[in-house]
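Hello,

Here is the structure I promised to pass on. Please open it alongside this note; my findings follow below.

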Amino acid sequence: MKKDSDTPQDLREFLKILEEKGDLALVEGADWNLEIGALNEIMAERKGPALLFDKIKDYPKGYRIATNVLYRDTFQKIAFGMPEKLSNIEAIRYWMDKLKEYVPVPPNIVDSGPILENVLEGSDIDILKFPAPKWHELDGGRYIGTGVSTITKDLNEGWVNVGTYRVMVHDKETLSFYASPGKHAVIMREKYWAQGKDCPVVMCFGQQPLLFGCATLGLPWGVPELDFVGYIQNKPVDVIIGKETGLPIPANSELVIEGFSPPPDKDGRPEGPFGEWTGYYASGKRNEPVIRIKRIYFRNDPIILGQPAVISSINVYPVPLHNAIKLWTDIEKLGLQGIKGLYVHGPGNRIICVISLQQKFLGHARQVATAAGALLVEGACTGRYIITVDDDIDPSNLDEVLWAVCTRSDPETAIHIMPGFLSSPLDPTLPPEKRERGDYTTAKVFINACRPYHWKDSFPPISISSPEIREKAMMKFKDIFEK
Ligand SMILES: Cc1cc2nc3c(=O)[nH]c(=O)nc-3n(C[C@H](O)[C@H](O)[C@H](O)COP(=O)(O)O)c2cc1C
């Protein structure tokens, strides 16, 4: 019997769990050209089942793509090895507490594994054998890497990073990848290039979902994601060692390339535009570094993980583990008291930060909100709206948050706008003239939707049935709740 905190060890095991729950739909015969993108988008909007595409147009049966696998909070909890019964705020707390005890669990090197079932080398190398969708009409090409885990090693320090950076297909042996300035793979590849060397790279296009999750989390410099996965699942990740690069390759991946990224003055190709996490094409097309493929590994009937951005308030994860955990931990380190919950909503889990607190003194909400505004800084237009609510509001529930904003904040006194925070070129609201002068700044808005502290005790009472009355009524008429 599977425990609900067991972590799926590869993508197909995860999909099997979803299938057994009736949460996986098989789609046969879809076109890689825009059709898969559209179906994924519609299903993500509806928070529908995960999709497994097979018999994709122009490709043999068995060359599959899985999408929409993380848009429901239960899917994410299964993928990340968390008990499904946790509320979303409890899930954030669960990971926060786990991280406080972190001890690295390095990968286990093995000689064989499913990824060695098929290997293509030399003139057999052809990445075009695998379906890469064109996800949206204005995309500049076919993107095989959206749910990708890219592995690089630091030349001087020797630690191995895994990060998610989009990957476009150019020809049968050439890919390019876009990683924003400051990302760990960018820092690492520049060290090789500074010495005139090509940077060794491994890309997994379908892997254990927990590894993909950790590849997107933004762990600190020097913390290897493979060790981190080992710690979270309480079991080392099995890896084989890549013949070309010497890099570790998760042995249960679905499709992997090994290759080298030459300095951009040797080779670079136009990359993009690509529908970004904000839901726009704000950063256009640029020359980006390429990867020259030296080896392709794949399992029988490989499954590529597709995770393109869709326009939604949760276009990455329903439970914002990355930003919420870091911010909550940082605020606690400052010694600020009374925080009961913290959530980050909006595209990329970045834009709307909601903090619930038990107000203890005049100005408490303002103190916490300004600290959060200052600390939530990673990525374009991050933390643009900071909302504080009382502790009877669940910050993960936007209906409740909106109700508090509508009924507890007087716009004349509760809203403050502060300009001049760092944003980025990906911010779609930057006016052309600001963009031209390189002014990538944004304002932040602070909304205090807590009952005003100095008269909170005489604020009108809430008209809601007490938990006891609800419980009794539900027990008495439980039939109507089972339908
Ligand atoms: C689905 C998804 C796609 C992403 N695509 C990119 C991308 O194309 N380029 C990029 O720089 N960051 C992208 N990110 C964000 C990075 O994966 C994230 O910042 C991660 O922490 C980078 O790893 P690193 O900290 O080891 O550099 C994406 C995140 C997600 C969830």
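Start with strand 9 (residues 166–171), which pairs with strand 10 in the antiparallel sense over five bridges. Bear in mind that this is a predicted model. The two strands, 9 and 10, form a hairpin, with two residues between them. Within this pair, Val169 stands opposite Leu175 of strand 10.

Strand 10 covers residues 174–178 and is mostly covered, with four of its five residues buried. Strand 10 also has a second partner: three bridges join it to strand 16 (residues 286–298), and the two run antiparallel. Leu175 turns up again here, as its bridge partner in strand 16 is Ile291. To find this spot on screen, go to Leu175 and look for Val169 and Ile291.

Next, there is another hairpin. Strand 7 (residues 149–153) and strand 8 (residues 160–163) are antiparallel and share four bridges. One of the pairings puts Thr152 with Asn161 of strand 8. Six residues lie between strand 7 and strand 8. Among the turn residues, Gly158 has a positive phi of about 80°.

Now the overall layout. The protein is divided into domain 1 (11–306) and domain 2 (321–458). Their centres, taken over C-alpha atoms, are 31 Å apart. Domain 1 puts 16 residues into the contact, and domain 2 puts in 19. What kinds of residue does domain 1 use on the side that touches domain 2? Nine are nonpolar, six are polar and one is charged.

Best wishes

Conventions:
Residues are numbered from 1 along each chain as its sequence is written. This is a predicted model: local features need pLDDT of at least 70, side-chain atom pairs count only at pLDDT 80 or more; totals for chains, interfaces and linings use all residues. Domain bounds come from an automatic or database domain assignment. Two residues are in contact if their C-beta atoms, placed from the backbone, lie within 7 Å. Ala, Val, Leu, Ile, Met, Phe, Trp, Tyr, Cys and Pro count as nonpolar, Asp, Glu, Lys and Arg as charged, and the others, Gly among them, as polar. Two strands pair if DSSP finds at least two bridges between them. A residue is buried if 20 or more other C-beta atoms lie within 10 Å of its own, exposed if 12 or fewer, and partly exposed in between; C-beta atoms are placed from the backbone.
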